[in-house]
Every structure is written in C-alpha cells, then in structure tokens.
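User: I'm just starting to read protein models, and I'd like a close look at one part: where two helices pack together. Could you walk me through that spot and then show me what lies around it?

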Amino acid sequence: MGSVCLSSKAALKSGCGLVTAFVPKCGYEIVQIAFSEAMVLTDENEKVLSNINYNFEPDAIGIGMGIGQDVLTEKAFYHFLLNNKTNLVVDADGLNILSKNKKWFSLLPPKTILTPHKKELERLIGTWQSEEEKLEKIIQFSLEHDLVVVVKGAPTLVIFHSEIYQNTTGNQALATAGSGDVLTGIITSLLAQNYDPKNAAILGVYLHGLTADIAAPEMSHQAFVASDIIGYLGKAFLSLEN
Ligand SMILES: NC(=O)C1=CN([C@@H]2O[C@H](COP(=O)(O)OP(=O)(O)OC[C@H]3O[C@@H](n4cnc5c(N)ncnc54)[C@H](O)[C@@H]3O)[C@@H](O)[C@H]2O)[C@@H](O)CC1
Ligand SMILES: Nc1ncnc2c1ncn2[C@@H]1O[C@H](COP(=O)(O)OP(=O)(O)O)[C@@H](O)[C@H]1O
Ligand SMILES: [Mg+2]
C-alpha cells in the first residue's frame, strides 16, 4: 500500500489538481490516513484488485504499483485494458503481468508509457548480450507497440521509437525503496497536465533526478528516502525557472 501512497502524493505534488487512488478495501484507511489530499475508491475485494471500475474519466492513469500478480488482479487488469482509452503509465507488477501476457501489448493506448527497471525490462523483452542489443530490442519494442519506454537506471533513458534521450540528473540517493513508485506518480501527473507522453516521461525523469541532486548535499545520499523526492519537488520545479 505504501507504493500507492507514494505515487499518489508524488502526482499531486507534481501539479495535477486531483488524485484518486483505486485500492482493495484493505487500503482505504491506510491511504486516507497517510495522505488525506488523495481521494480513495475501493475494489469490492478486501485484499486484491478484482474489478477495476470507476464512474469518471481521469485525464491520465498510472497503474501497477503494489498491485501484485494475483490471478483475480490479472483478470481485472485485462478487462481494464479492454475498456481503457485514457493515457496510461504502467509500472511494477503491471509490467510483470504484461510480461506474462504479451498479447495484451496490443490493448495499450498509443504512446503508453512503461517504466521498467532492469529486471522488469528483461521480463518484457527478454535478455540481451550487450548494451547495443538492449537498445535495439527496446527500439524494436517501442516501434512495434508505439510505446514510450523509461529504462530506469543510472542514467535513465527515455526511448520512443528510434529516439533515445539520456537523463542528466540523479544520483545513488535514488537507489531506495519506492523511488520508482514516486517517478510513476510524477510522470502520470505531467501526463494529466497535457504534456505529450514522451515529454511527460523526459520531464518527469529529469525532475525526479533533480530532487536527489538538490537534496543529497543537504541530507546525504544514505538518509534520502522516496518521500524526500516528493519533499524536494518544489525546489526542483523552481530550479527549472532559473
Ligand atoms: N513501500 C512500498 O510499498 C513499496 C512497494 N514496492 C512494490 O513492490 C513490488 C515489487 O517491486 P520490486 O521492483 O521490488 O520487485 P521485482 O520483482 O520487480 O524486482 C525485484 C527483483 O528484480 C531484480 N532487480 C530489481 N531492480 C533491479 C536492477 N535495477 N538491476 C538488476 N536487477 C534488479 C532483483 O533480482 C530483485 O530481486 C512492486 O509492485 C512495487 O511497486 C516497491 O516499489 C518498493 C516500495
Ligand atoms: N545509482 C542510481 N543513480 C541514479 N538513479 C538511480 C540509481 N539507482 C536507482 N535509481 C533510480 O531509482 C528508481 C528505482 O526504481 P524502482 O526499481 O522501480 O524502485 P521501486 O520499485 O522500489 O519504487 C529508478 O528511477 C532508477 O533510475
Ligand atoms: Mg518499481
């Protein structure tokens, strides 16, 4: 549930106006207490997502953080993809479920943003023997399914069709639990604010890293945790204006 709190808070503190978290019943109090600014809708199931539905049209959706891979959730994810037309960011176990059902790539809206770390990427596109082969496979994957791929790492790359953007911010302070969940919240928020998916990914990755560059000299790499990324977003946005 922590990953949902982190990505919801990151989204609201990246400038979108409203955030609704969709969680199993067990998550209702947790999210509302952890982050009262988020609205919370619950699944009918106590423990896992079994039926993803809501009666409003979000501007963007981020899905996958903390959702696990229960068979009920896989089925719910499939039905969600069948009906969804909203701009989408898929992360974490959302990526892992896609990797187990590769035919579902065709259900993703155009320019859907995927945010795999190295292991999630391997599950999506298979293994590679060199950096060149890895990039070729991702470009092929992006062209074939019209996807924006955020290749998380040091440095992070954003790949869209045959375009490769290398991020210039960030440091080892980001190697901490939940920092990817926060990144998904930031990118989803920018997508909801009408940034083109490629630019939402590029700007989101840049801001995410920038928080660590600003914070590390003030609080060390060791003591920096995912919530600090959220805490330093304001300074990161302000530094863009200089
Ligand atoms: N506070 C929370 O609630 C958190 C929840 N999280 C959720 O936990 C679930 C599992 O996420 P994980 O990413 O931990 O699990 P994964 O199973 O996707 O990745 C874990 C394994 O992948 C490999 N791996 C991960 N990153 C790698 C890298 N950069 N290079 C090489 N190998 C790597 C390692 O073998 C590791 O054991 C997700 O749904 C995620 O959203 C995590 O994001 C952590 C924080
Ligand atoms: N040494 C590093 N330098 C820069 N960024 C890093 C480093 N290690 C990890 N990161 C960043 O931290 C984030 C980790 O994401 P992820 O593995 O999904 O974390 P989690 O699932 O715990 O939220 C990615 O954005 C990655 O680029
Ligand atoms: Mg992650």
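Analyst: Let's start with helix H1 (residues 2-12) and H7, whose axes come within 7 Å and cross at roughly 35 degrees. Keep in mind as you look that this is a predicted model. Two packed helices are described by the angle between their axes and the distance between the axes. For H1 and H7, the crossing is right-handed.

Now zoom in on the residues that touch. On the H1 side you'll find Ser-3, Leu-6, Ser-7, Ala-10 and Ala-11, while H7 brings in Asp-181, Val-182, Gly-185, Ile-186 and Ser-189. Sorted by class, that contact has five nonpolar, four polar and one charged residues.

Two residues of this contact, Ser-3 and Asp-181, are good to follow further, as both are among the closest residues to ligand 1. The other closest ones there are Gly-66, Asp-93 and His-117, and 15 residues surround the ligand in total. A polar backbone atom of Ser-3 is 2.9 Å from an oxygen atom of ligand 1. The backbone of Gly-66 takes part too, with an N or O atom 3.0 Å from an oxygen atom of the ligand. Glu-120 uses its side chain instead: an N or O atom there is 3.4 Å from an oxygen atom of ligand 1.

Asp-181 also leads you to ligand 2, where 16 residues surround the ligand and the closest are Lys-152, Thr-156, Gly-178, Gly-180 and Asp-181. A polar backbone atom of Gly-180 is 2.7 Å from an oxygen atom of ligand 2. From its side chain, Thr-156 places an N or O atom 3.0 Å from an oxygen atom of this ligand. Asn-171 faces a nitrogen atom of ligand 2, with a backbone N or O atom 3.3 Å away.

Just before Thr-156 in the numbering, look at Pro-155: a cis peptide bond joins Ala-154 and Pro-155, with omega about 0 degrees. Pro-155 sits in the loop between S6 and strand S7 (157-160). In the next loop to visit, between S7 and S8, you'll meet His-161. Its phi is near 55 degrees, a positive value in a residue other than glycine.

Those strands belong to a sheet, so step back for a moment. Strands of a sheet pair through backbone hydrogen bonds, either parallel or antiparallel. Here six strands make an open sheet in the order S3-S4-S5-S6-S7-S8, with mixed pairing. Strand S3 (61-63) and strand S8 (163-166) are the edges, each pairing on one side only. From one strand to the next, the twist averages 15 degrees.

And here H7 returns: helix H7 (residues 179-192) packs on the sheet and touches S3, strand S4 (88-90), S5 and S6. The direction of H7 makes about 170 degrees with that of S4. For one pairing inside the sheet, look at strand S5 (residues 112-114) and strand S6 (residues 147-151), which run parallel and are joined by three bridges. Ile-113 has Val-148 in S6 as its bridge partner.

To finish, try a second helix pair. Helix H5 (residues 118-125) and helix H6 (residues 131-145) have axes that come within 11 Å and cross at roughly 60 degrees. This crossing is left-handed, whereas that of H1 and H7 is right-handed. Leu-121, Leu-124 and Ile-125 of H5 meet Lys-134, Lys-137, Ile-138 and Phe-141 of H6. By class, this contact has five nonpolar, no polar and two charged residues.

How values were computed. Residues numbered from 1 in each chain as written. Chains lettered and ligands numbered in written order. Predicted model: local features only at pLDDT ≥ 70, side-chain atom pairs only at ≥ 80, totals over all residues. Heavy atoms only, no water. Pairing = 2+ DSSP bridges. Helix = DSSP H or I, 4+ residues; strand = E, 2+ residues; numbered from the N terminus. Axes fitted to C-alpha atoms, helices over the stretch in contact; angles between N-to-C directions. Contact = heavy atoms within 4.5 Å. Left-handed = near helix turned anticlockwise from the far one by under 90°. Nonpolar A, V, L, I, M, F, W, Y, C, P; charged D, E, K, R; others polar. Near = heavy atom within 4 Å. Polar contact = N/O pair within 3.5 Å; in protein donor to acceptor, adjacent residues only side chain to side chain.
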